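Grab a pencil and have a look at the structure below. Then try each exercise yourself before you read its solution.

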Amino acid sequence: MAFRIPLPLAIVAAILAGSTMIAHANTITETFNFTATGAVTASGSFTITFDPTLNYNNDSTDLTVNSFTDSQLSVSVPTGFNYTPTSFVPGELTIGGLLNSVSIENAFTNDYGLVIGAANTADPYFIQYGSSNASTYITDTDSGTVTLVGAVGATPEPSSLVLLGTGVLGLASAARRWFARAA
């Protein structure tokens, strides 16, 4: 004897499952490569998972440091990011040391900060990079590049998932009826 879920119950379950995904509907994963040239030189690659409609502050759990070098830093620095979808610079992403805060560089410490504009678009741009070490005050540079290496993309909208689920259930129901008539 096979267990069968009534079609109305399956539709309600699909709608409820889709509605619980609203909080993660816009989540994207992007990899940014950067180079900074000038008074301080640095380069690196970071992969970040974030919802471009939300604010993030000192988030280190959704960030992977793929590579990072800085002409002033010789130690590994705990790293995090801040993201603001709407501010003076829309889509502003700051990646940096977590000594006090991502957005605060401390002089004479191993600290750094990279500011990227339009991080929520296909054309992010370099704004500023700065770093310091135990014997150096903060050295900033406004020269550099940022490239978006790859975007994994947005999670499907819940309404799309519900529509897909409803369509699959409808096809299953139609197939069941067709096989029942054929038998």
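Here are four short exercises on this model, which is a predicted one.

**Exercise 1: the sheet**

Work out in which order the six strands of the open sheet are arranged, and which strands stand at the edges.

*Solution.*
Step 1. Start with a pair you can trace easily: strand E5 (residues 79-84) and strand E6 (residues 92-97) are joined antiparallel over six bridges. One of the partners to look for is Ile95 in E6, which bridges to Phe81.
Step 2. Now go further along the chain. Strand E7 (residues 111-117) and strand E8 (residues 125-133) run antiparallel, with seven bridges between them. Here Gly117 has Tyr125 in E8 as its bridge partner.
Step 3. Next comes E8 with strand E9 (residues 136-141), again antiparallel, with four bridges. Ser131 finds its bridge partner, Thr139, in E9. A hairpin of two residues takes you from E8 to E9.
Step 4. Put it together: the order is E3-E5-E6-E7-E8-E9, with antiparallel pairing. Strand E3 (56-59) and E9 are the edge strands; each has a single partner, so one side of each has no neighbour in the sheet. On average, neighbouring strands here are turned by 10° against each other, direction ignored.

**Exercise 2: aromatic rings**

Find out how Phe34 and Phe46 are arranged: is the pair stacked or tilted? Then do the same for Phe46 and Phe68.

*Solution.*
Step 1. Remember what you need: a pair of aromatic rings is described by the distance of the centres and the angle of the planes.
Step 2. The structure holds nine aromatic pairs. In the pair of Phe34 and Phe46, the centres are 6.0 Å apart and the planes make an angle of 15°. Planes under 30 degrees apart count as stacked, so this pair is stacked.
Step 3. Locate the two rings. Phe34 sits in strand E1 (residues 28-37) and Phe46 in strand E2 (residues 42-50), so the pair ties together parts twelve residues apart in sequence. Both Phe34 and Phe46 are buried.
Step 4. For Phe46 and Phe68, you get 6.2 Å centre to centre and 45° between the planes, which makes the pair tilted. This pair links distant parts of the chain, as Phe46 is in strand E2 and Phe68 in strand E4 (residues 63-70), 22 residues apart.
Step 5. Check the burial of this second pair. Phe46 has a relative accessible area of 1% and is buried, whereas Phe68, at 25%, is partly exposed.
Step 6. Zoom out: Phe34, Phe46, Phe68, Tyr112 and Tyr129 make up one aromatic cluster.

**Exercise 3: the core**

Which residues touch the most other members of the largest nonpolar core?

*Solution.*
Step 1. This core has 24 residues, and the answer is Phe81, Leu93, Ile95 and Tyr129.
Step 2. Ask where the core comes from: E1, E2, E5, E6, E7 and E8 are the elements that give two or more residues to it.
Step 3. Take Ile95 as a sample. Beyond its neighbours within four places in sequence, Ile95 is in contact with residues including Phe46, Phe81, Val102, Tyr112 and Leu114.

**Exercise 4: a threonine**

Decide whether Thr31 is buried or exposed, and find a polar contact of its side chain.

*Solution.*
Step 1. Thr31 is found in strand E1.
Step 2. Its relative accessible area is 16%. Buried means under 20%, so Thr31 is buried.
Step 3. The side chain of Thr31 makes a polar contact of 2.8 Å with the side chain of Thr47.

Key
Residues are numbered from 1 along each chain as its sequence is written. This is a predicted model: local features need pLDDT of at least 70, side-chain atom pairs count only at pLDDT 80 or more; totals for chains, interfaces and linings use all residues. Side-chain values use heavy atoms; hydrogens and water are left out. Two strands pair if DSSP finds at least two bridges between them. Axes are lines fitted to C-alpha atoms, for helices over the stretch in contact, and angles run from 0 to 180 degrees between N-to-C directions. Rings of Phe, Tyr and Trp (its six-membered ring) pair if their centres lie within 6.5 Å; planes under 30 degrees apart count as stacked, over 60 as edge-to-face and the rest as tilted. Buried means under 20% relative accessible area, exposed over 50%, partly exposed in between (1.4 Å probe, protein chains only). A nonpolar core is a set of buried Ala, Val, Leu, Ile, Met, Phe, Trp, Tyr and Cys residues joined through side-chain atoms within 4.5 Å. Contact means heavy atoms within 4.5 Å. A polar contact is a pair of N or O atoms within 3.5 Å; within protein, one must be able to donate a hydrogen and the other to accept it, and residues adjacent in sequence count only if both atoms are side-chain atoms.
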